[in-house]
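Subject: The structure you asked about

Hi,

Here is the structure for you to open up and turn around on your screen. Have a look first, and then read my notes below.

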Amino acid sequence: MTKSDNIDQIIDRVLYSQDDIQKMCQKLGQQLTQDYAGKDPIVVGVLKGAVFFLTDLVRQMDVKMQNDFMDVSSYGDGFESSGKVRLDIDVEADVKGRDVLLVEDIVDTGHTLKFMKEHLLKRGAKSVKCCALLNKTERREEDVVVDYYGADVENEFVVGYGLDYLNEYRNLPYIGVLKPEVIQANLNR
Ligand code: 5GP
Ligand code: MG
Ligand code: MG
């Protein structure tokens with residue numbers, strides 16, 4: 001997406017502005033600063049979507065930490081998780097005995113989060129918690145806890161600030177609802 005594209009053609013409406021997002025990061029950062037004081041956590045961003053959120057979030061956390069990344073994919077059709085999750089890139093750090101904070105863009109069905117939590121606990125993490133920018137509680141299929149999140153969203157497909165549709169639109173500075181026609185047009189192709 002570039003400034004020359006007509007954003008009105010793909011975005012139905014803006015859900016969270018840049019300002020709203022920064023306020024969520026500040027609030028979460030304050031809470032995490034309290035909860036992780038003295039714990040020296042490994043803060044793990046989930047590629048690629050959560051990178052945008054992670055960089056803003058950790059700069060609001062006044063805590064000694066290490067940062068790492070992991071990548072997982074679920075076999076889906078571009079906008080829906082199928083439930084089968086695969087590990088693409090593991091964390092580089094040794095998580096054994098460490099408190100791990102997973103940073104996610106959005107938790108939807110919960111399959112991805114459940115898989116990552118189990119994986120990190122298997123590798124010996126002392127604790128694994130999750131901070132997601134957005135939480136789509138309504139669509140949950142797994143019994144997983146999102147320990148911290150910025151906002152609850154309805155069952156609509158959102159893009160921007162890291163969230164993609166077919167790997168595009170991540171660089172939008174706000175979060176918007178994608179027009180259903182955009183998805184439909186692709187499905188009909
Ligand atoms: P889950 O395994 O919880 O169903 O899916 C989590 C992943 O699905 C997220 O990390 C994200 O990549 C994708 N996802 C779920 N809902 C949305 C959405 O509304 N917009 C975008 N762009 N991705 C979503
Ligand atoms: Mg991925
Ligand atoms: Mg995605």
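Keep in mind that this is a predicted model. Let's start with helix α1, which covers residues 18–35 and so counts 18 residues. From its first C-alpha to its last it reaches 26 Å, close to the 26 Å expected at 1.5 Å a residue.

Which residues of α1 are buried? They are Ile21, Met24, Cys25, Leu28, Gly29 and Leu32. If you look down the axis of α1, these buried residues fall within an arc of 135°, so they line one face of the helix. Now swing round to the other side of α1, where you'll find Asp19 and Gln34 exposed.

And what covers that buried face? The cover over the buried residues of α1 includes two strands you meet at 11–16 (β1) and 127–135 (β6), along with helix α2 (51–58). Strands β7 (148–152) and β9 (175–178) are also part of the cover.

Next, strand β5, at residues 99–107. Eight of its nine residues are buried, so β5 is largely enclosed by the rest of the structure. It has strand partners, too:

- β2 (residues 42–47) is joined to β5 by four bridges, and the two run parallel. Here Ile42 stands opposite Val100 in β5.
- β6 is joined to β5 by eight bridges, and this pair also runs parallel. Look for Val107, whose bridge partner in β6 is Asn135.

How do you get from β5 to β6? Helix α3 (residues 111–122) goes with them: β5, α3 and β6 make a right-handed β-α-β unit.

Now zoom out to the whole protein chain. How many helices and strands does it have? There are four helices and nine strands, and along the sequence they follow the pattern β-α-β-α-β-β-β-α-β-β-β-β-α. The radius of gyration is 16 Å, close to the 16 Å that the globule rule gives for 189 residues, so the chain is as compact as a globular protein of that length. Its C-alpha atoms fill a box of roughly 50 × 35 × 25 Å along the principal axes.

Two last numbers for the chain: 34% of its 189 residues count as buried. And among contacts between residues at least 6 apart in sequence, 69% join residues at least 24 apart.

Happy exploring!

How values were computed:
Residues numbered from 1 in each chain as written. Chains lettered and ligands numbered in written order. Predicted model: local features only at pLDDT ≥ 70, side-chain atom pairs only at ≥ 80, totals over all residues. Expected span 1.5 Å × (residues − 1). Buried ≥ 20, exposed ≤ 12 C-beta atoms within 10 Å, placed from the backbone. Arc of directions from axis to C-beta. Contact = placed C-beta atoms within 7 Å. Rg over C-alpha atoms; globule rule 2.2 N^0.38 Å. Pairing = 2+ DSSP bridges. Right-handed = clockwise from strand over helix to strand, strands pointing away.
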